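Open the model in your viewer and keep the selection tool ready. Each stop below names what to select and then says what is there.

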Amino acid sequence: MTTPAKNTVCLWYDGCAEAAARFYADTFPDSFVGAIHHAPGDFPSGKKGGVLTVEFTVMGVPCIGLNGGPVFKHSEAFSFQVATTDQAETDRYWNAIVGNGGQESECGWCKDKWGLSWQITPIALIKAITHPDPAAARRAFDAMMQMKKIDIAAIEAALRG
């Protein structure tokens, strides 16, 4: 057994922690599935031998998926924010999440099919809405507020005025 990370994100799933972890590992760089732990006895949402927890890493962030059952659901109060370098990378991650049973939301947010929220955030967006010219930053911000998936060209056009 390896020494666990000092701080690990624990994500609650309703029996699908392994499938979610494998999707994340296949979708994002520096992501992988580690140990899969089976329950030594029956538990509220499963039986002895069923997958209880899955250790995985998403873009370098250590996580544990807990198959805790239907009691708790994911909410937007927790999300992964993925910084993207260009429109192709933004499109790739957005389309992977939404196209695999997920759903679009506003301002670069989407949810995967397990209900976990993601912010697919181009670096160009962050630079635009934090621009030293308040009027330019406001134009970029207002443009973002009209979007689901972020369109970098539209953000840059708004920034220019």
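## Cysteines and the core

Start with Cys63: its sulfur is 9.2 Å from the closest cysteine sulfur, which belongs to Cys10, and that is too far for a bond. A disulfide needs two cysteine sulfur atoms within 2.5 Å. Note that this is a predicted model.

Stay on Cys63 and look at its surroundings. Cys63 counts as buried, because its relative accessibility is 2%.

Next, select Cys16. Its closest cysteine sulfur is also in Cys10, 13 Å away, so the distance is too great for a bond. Is Cys16 buried or partly exposed? At 21% relative accessibility, Cys16 counts as partly exposed. Searching the whole structure gives zero disulfides.

Now select Val58. Leaving out residues up to four places away in sequence, Val58 touches Cys63, Tyr24, Phe28, Asp30, Ser31, Phe80 and Trp118.

Widen the selection to the largest nonpolar core, which has 23 residues. Which members touch the most others? They are Tyr13, Tyr24, Phe28, Phe56, Val58, Trp118 and Ile120. Colour the elements that each give two or more residues to this core:

- strands S1 (9–13), S3 (51–58), S5 (79–84) and S8 (117–122)
- helices H1 (17–27) and H2 (87–99)

H1 supplies the largest share of this core, five residues. In soluble globular proteins, nonpolar side chains tend to be buried together.

For the last stop, select Leu125, Ala128, Met144 and Met147. These are among the 10 residues of another core, which lies apart from the largest one.

Terms used:
Residues numbered from 1 in each chain as written. Predicted model: local features only at pLDDT ≥ 70, side-chain atom pairs only at ≥ 80, totals over all residues. Heavy atoms only, no water. Core = buried A, V, L, I, M, F, W, Y, C linked by side-chain atoms within 4.5 Å. Buried < 20%, exposed > 50% of the residue type's maximum accessible area, 1.4 Å probe, protein only. Helix = DSSP H or I, 4+ residues; strand = E, 2+ residues; numbered from the N terminus. Contact = heavy atoms within 4.5 Å.
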